[in-house]
Amino acid sequence: MAIQHAVLALLVRGPSYGDELKSAFEAAAGPQWGPLDIGYLYQILDRLSRDSLVVAERQAQQVKPDRVVYQITPAGRAELGRWLDELSPRSGGFRDDFFLKVTAATRSGSAQTARTVLSNQRGYLLRELRNLDGLRRAAADAVVGLLLAAASRHVEADLAFVNDAEAVSSADGGALLATLAVTPSEAGSSAVDASSPPSADGTGPAHAAG
């Protein structure tokens, strides 16, 4: 889990507590990540404690409630090193919501539906790109600027996919979309044809005896 290991990396610098870790994470990860929910952070810290990757010490305060301070253990350092050494595949593979939306739009056989879906997504991605560019220009931290640039690269790749999908859907004046439209009954017939053995004369599927 990436956030779990990011917390371990923050604790390498020294002991820390919940609110301080939340602020440190948000400053290190940059605005493209968004705020870290403090409740979720404490769940992570509890899990790290149970796994003996950190130790927790309750410290009394004169005015405020007791504060729990966390410190990384040797096992935590070893786990962080293991995570840093391993490869980082795409967490969701290529099971993207927009991929499915493009599939649905193109299989509908409606050129207008496909154009609307692609146009809406292009507008959203362009707004995201402008927002990321503004955040990157305002970033004072070089690493945060690098992470924002990486986020922009991902958006640019998504825009390239939108352009590719538009080129395919508009090929031959949209005639390709008509060939992609498949009704459930047609799909079922195809499945039967493909799975049924040929009849005795080899001209079609054999009928079940009955």
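Contact here means heavy atoms within 4.5 Å, and buried means under 20% relative accessible area. The model in all of these views is predicted.

**View 1. Helix α1 and what covers it.** Let's start at α1, which runs over residues 2-11. Seven of its 10 residues are buried, so α1 is largely enclosed by the rest of the structure. Look for I3, Q4, H5, V7, L8, L10 and L11 to pick out the buried ones. Which elements do the covering? Among them are β1 (16-17), α2, α3, β2, β3 (67-72) and α4.

**View 2. E79 and its neighbours.** Now hop over to helix α4, residues 74-85, which is where E79 sits. The side chain of E79 makes a polar contact with the side chain of R82, at 2.6 Å. Leaving aside residues up to four places away in sequence, E79 also touches H5, L8 and L53. Two of those names may ring a bell: H5 and L8 are among the buried residues of α1.

**View 3. S52 in its loop.** What joins α3 (38-50) to β2 (54-59)? A loop does, and S52 lies in it. This serine has a positive phi of about 60 degrees, although it is not a glycine. Is S52 buried, partly exposed or exposed? Its relative accessibility is 44%, so S52 counts as partly exposed.

**View 4. The second largest pocket.** Here we are back with α1, this time looking at open space of about 300 Å³ in the second largest pocket. This pocket is lined by 13 residues, and A2, A6, F25, A29 and W83 are the closest to its centre. Which helix supplies the largest share of the lining? That is α1, with six residues. Both α1 (2-11) and α2 (18-29) supply at least two residues each. Sorted by class, the lining has 11 nonpolar residues, two polar ones and no charged ones.

**View 5. The largest pocket.** This view turns to the largest pocket, with a volume of about 790 Å³. There are 22 residues in its lining, and those nearest the centre are R90, A150, A151, H154 and D158. Three elements give two or more residues to this lining: α5 (97-107), α6 (111-138) and α7 (142-169). Helix α7 gives the most, with nine residues. As for the mix, you'll find 12 nonpolar, six polar and four charged residues around this pocket.

**View 6. The one cavity.** Finally, a look inside. Rolling a probe the size of a water molecule over the atoms shows where empty space is left. How many cavities of 30 Å³ or more turn up in the whole structure? The search finds one, and about 40 Å³ of space lies in this largest cavity. Its lining is made up of V102, A105, T106, A114, V117, L118 and S169. Helices α5 and α6 each supply at least two of the lining residues, and these two helices also give residues to the lining of the largest pocket. By class, five of the cavity's lining residues are nonpolar, two are polar and none is charged.

Notes
Residues are numbered from 1 along each chain as its sequence is written. This is a predicted model: local features need pLDDT of at least 70, side-chain atom pairs count only at pLDDT 80 or more; totals for chains, interfaces and linings use all residues. Side-chain values use heavy atoms; hydrogens and water are left out. On a 1 Å grid over the protein atoms alone, a cavity is a set of points where a 1.4 Å probe fits but cannot get out, and a pocket is an open set with protein on both sides within 12 Å along at least five of seven lines; lining residues have an atom within 4 Å of a point. Grid points are joined across faces, edges and corners, and a volume is the space filled by probe spheres set on the points. Helices (H or I, at least four residues) and strands (E, at least two) are DSSP runs, numbered from the N terminus. Ala, Val, Leu, Ile, Met, Phe, Trp, Tyr, Cys and Pro count as nonpolar, Asp, Glu, Lys and Arg as charged, and the others, Gly among them, as polar. A polar contact is a pair of N or O atoms within 3.5 Å; within protein, one must be able to donate a hydrogen and the other to accept it, and residues adjacent in sequence count only if both atoms are side-chain atoms. Buried means under 20% relative accessible area, exposed over 50%, partly exposed in between (1.4 Å probe, protein chains only).
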